[in-house]
Amino acid sequence: MKVSVICPIYNGEKYIEILFDKIRKQKKISSIQIIAPVSKSNDNSFLKAKKNSDITYEVEKFNHGLTRHEAAL
């Protein structure tokens, strides 16, 4: 099974590595793509997400539904 996971991030620097590691360790999934739209954070979330995800981009104005929808396109 192939899966894409969208993880919107805001000031999540201390959780990113643990979260993405646990996502990648899921069983019965042959391929996992992590997409990380990062809102204007006050920490190093963008750099950590870029290092640990497959697709990372900065979101100017976060919206719960719209941010996820745009990441899925």
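Modeller: Two atoms count as in contact when they are heavy atoms within 4.5 Å. Helices (H or I, at least four residues) and strands (E, at least two) are DSSP runs, numbered from the N terminus. This is a predicted model, where local features need pLDDT of at least 70 and side-chain atom pairs pLDDT 80 or more, while totals for chains, interfaces and linings use all residues. Residues are numbered from 1 along each chain as its sequence is written, and side-chain values use heavy atoms, without hydrogens or water.

Colleague: What is the mean pLDDT of the protein chain?

Modeller: pLDDT is the predictor's confidence in each residue, from 0 to 100. Here the chain's mean is 90, and 100% of its residues reach 70 or more. By element, H2 has the highest mean, 96, and H3 the lowest, 79.

Colleague: Now helix H1. How far apart are its end C-alpha atoms?

Modeller: First get the expected span: 1.5 Å times one less than the number of residues. H1 has 12 residues, so 16 Å is expected; its end C-alpha atoms lie 18 Å apart, which agrees.

Colleague: Which residues of H1 are buried?

Modeller: Buried means under 20% relative accessible area, exposed over 50%, and partly exposed in between (1.4 Å probe, protein chains only). In H1, Ile16, Phe20 and Ile23 are buried. They fall within an arc of 60° seen down the axis (taken from the directions from the helix axis to the C-beta atoms), so they line one face of the helix. Lys14, Tyr15, Ile18 and Lys22 are exposed on the face turned away from that buried side.

Colleague: What covers the buried residues of H1?

Modeller: The cover includes strand E1 (2-6), E2 and H2.

Colleague: Which residues make up the largest nonpolar core?

Modeller: A nonpolar core is a set of buried Ala, Val, Leu, Ile, Met, Phe, Trp, Tyr and Cys residues joined through side-chain atoms within 4.5 Å. The largest one here has 10 residues: Cys7, Ile9, Ile16, Phe20, Ile23, Ile32, Ile34, Ala36, Val38 and Ala49. At least two come from each of helix H1 (13-24) and strand E2 (31-39). E2 gives the most, with four residues.

Colleague: Take one core residue, Ile32. What is it in contact with?

Modeller: Leave aside neighbours within four places in sequence. Ile32 then touches Val3, Val5, Ile23, Arg24, Gln26 and Asp54.

Colleague: How many salt bridges are there?

Modeller: The rule asks for a side-chain nitrogen of Lys or Arg within 4 Å of a carboxyl oxygen of Asp or Glu. That gives five. One of them joins Asp54 to Arg24, with closest N and O atoms 3.5 Å apart. This pair links distant parts of the chain, 30 residues apart: Arg24 is in H1, and Asp54 is in the loop between helix H2 (45-52) and strand E3 (55-59). Asp54 is partly exposed at 45% relative accessible area. Arg24 is partly exposed too, at 37%.

Colleague: And Glu58: which side chain does it meet in a salt bridge?

Modeller: Glu58 meets Lys40, at 3.5 Å from N to O. Glu58 sits in strand E3 and Lys40 in the loop between E2 and H2, 18 residues apart. Glu58 is partly exposed at 40% relative accessibility. Lys40 is partly exposed at 42%.

Colleague: With which Glu residue does Lys40 form a salt bridge at 3.6 Å?

Modeller: With Glu60. Lys40 is in the E2–H2 loop and Glu60 in the loop between E3 and helix H3 (64-72), so the pair ties together parts 20 residues apart in sequence. Glu60 is exposed, with a relative accessible area of 61%. Through shared partners, salt bridges join Lys40, Glu58 and Glu60 into one network.
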